Every structure is written in structure tokens, then in C-alpha cells.
Amino acid sequence: TKDEIKNYGVKFAEIYITTLKKVTDDPERYNILSNLSLIYKELSVKLLVVPVPDKIANTHLNLVNAFSKVSDSLPIVEQQSKDPVRALLALRIVQEALINQVGLFTEVKTYFDQNGILFSNQGYGRLWGENLPQSALAQ
């Protein structure tokens, strides 16, 4: 139903915005990649239990997986002095995951649009407005 779709959008946005707010509230702490990794882990864990409409479930799971890949890779990048080749591969994984996030956020927004779901520019629904996130790091 439209209510289920809208509830999904609001719940996703609430988790996304409140989790990323930790980074803006304490930027020095999250300048450390292993700490930033925890934000991505939190996003993936919390979003994994959100009820998702069937038609957007694959896209949602791909977003969760992209957050998880970044979470797993950032600590490896941080340890570049110990294993530069592995760190470079991890950085490539992060880059690909961030690029994928752009398309996945767009897919979710398109799903809302196709179902006539509108969000106000107030509250958590603002995530799905005109300034759609490019990736969690871009916030």
C-alpha cells in the first residue's frame, strides 16, 4: 500500500539521517576511518531490519550491502602502511560502493515517484527531496 511505501521511506530516512548526524556532530572522531566504518556498519545493521516493500527489496538490500562493503573496507584502507596493496584494493571497493549508492538512491526515489509518494522538505522525508544523497560520505 502507499502507506507502507511511505513508512518505508520515512523509516529509512530516519535511520540514515540520525546515524550520519553523529559524523557532523563529532567530525574529529569520524576523521578516523575505523570510526567512520562504525557508522557504515550501524547503517547496514539498522537498515537490514526495516520492513521493505517487495518491489524495492533488491535495491534496498543492495544499498545495505554497499554500506556494509564500505564498513568492512575502511579499516583496511586505514592500515595502508602495513599492506598498501590490500589497502588499494579496499579503496577500490569503497569507491565502487559509493558510486553504486548514487544509482541505488535514485532507484528508491524513482520507486517513490512511480507510486505517487511525496515527501515534504521537513522532517526525515527531506532525504527523498530534490537533493538526493550521492552517498553517505557526501552528507
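Which residue forms a salt bridge with Arg 92? I shall answer that in a moment, after one remark on the origin of the coordinates: the model under discussion is predicted.

The partner of Arg 92 is Glu 96, and the closest N and O atoms of this salt bridge are 3.8 Å apart. Both residues belong to helix α4, where a spacing of four residues places them about one turn of the helix apart. Arg 92 counts as exposed, because its relative accessibility is 53%. Glu 96, by contrast, is partly exposed, with a relative accessible area of 42%.

A second bridge in helix α4 joins the side chains of Lys 109 and Asp 113, at 2.7 Å from N to O. These two are separated by about one helical turn, because they lie four residues apart in the helix. Asp 113 has a relative accessibility of 43% and is therefore classed as partly exposed.

Let me now turn to the structure as a whole. The search returned seven salt bridges. One of them connects distant parts of the chain: Lys 41 in helix α2 and Asp 72 in helix α3, 31 residues apart. Here the closest N and O atoms are 3.8 Å apart. Lys 41 is partly exposed at 36% relative accessible area, and Asp 72 is likewise partly exposed at 46%. In addition, Lys 22, Glu 42 and Lys 46 are linked in a network of salt bridges.

I move next to the interior. Which residues have the most contacts inside the largest nonpolar core? They are Phe 12, Tyr 16, Leu 47, Phe 67, Phe 112 and Trp 128, in a core of 34 residues. Two or more residues come from each of the helices α1 (2-25), α2 (33-48), α3 (57-78) and α4. Phe 112, taken on its own, is in contact with Ile 5, Tyr 8, Gly 9, Ile 117, Phe 119 and Trp 128, when neighbours within four places in sequence are left aside.

The aromatic residues deserve separate treatment. A pair of aromatic rings is described by the distance of the centres and the angle of the planes. The count for this model comes to 12 aromatic pairs. In one of them, Phe 12 and Trp 128 are tilted, with 5.4 Å from centre to centre and 55° between the planes. This pair links distant parts of the chain, since Phe 12 lies in helix α1 and Trp 128 in the segment after α4, 116 residues away. Phe 12 is buried, at 0% relative accessible area, and Trp 128 is buried as well, at 2%. Both are members of one aromatic cluster, which also includes Tyr 8, Tyr 16, Tyr 40, Phe 67, Phe 105, Tyr 111, Phe 112 and Phe 119.

Phe 105, from that cluster, is located in helix α4, residues 84-114. Why does Phe 105 count as buried? The reason is that its relative accessibility is 0%, where buried means under 20%. Phe 105 is 21 residues from Pro 84 in sequence, and their C-alpha atoms are 31 Å apart in space.

I close with two residues of helix α2. Ser 44 in this helix is buried, with 5% relative accessible area. Beyond residues up to four places away in sequence, Ser 44 touches Val 64, Phe 67 and Ser 68. Leu 48, also in helix α2, is exposed at 52%. Together with Val 49 and Leu 61, Leu 48 makes a nonpolar surface patch of about 300 Å².

Methods
Residues numbered from 1 in each chain as written. Predicted model: local features only at pLDDT ≥ 70, side-chain atom pairs only at ≥ 80, totals over all residues. Heavy atoms only, no water. Buried < 20%, exposed > 50% of the residue type's maximum accessible area, 1.4 Å probe, protein only. Core = buried A, V, L, I, M, F, W, Y, C linked by side-chain atoms within 4.5 Å. Contact = heavy atoms within 4.5 Å. Patch = residues over 30% accessible without salt bridge, like charges linked within 9 Å, V, L, I, M, F, W, Y side chains within 5 Å. Areas by Shrake-Rupley, 256 points an atom, 1.4 Å probe, with all protein chains shown as cover. Salt bridge = Lys/Arg side-chain N within 4 Å of Asp/Glu carboxyl O. Phe/Tyr/Trp six-rings, centres within 6.5 Å; stacked < 30°, edge-to-face > 60°.
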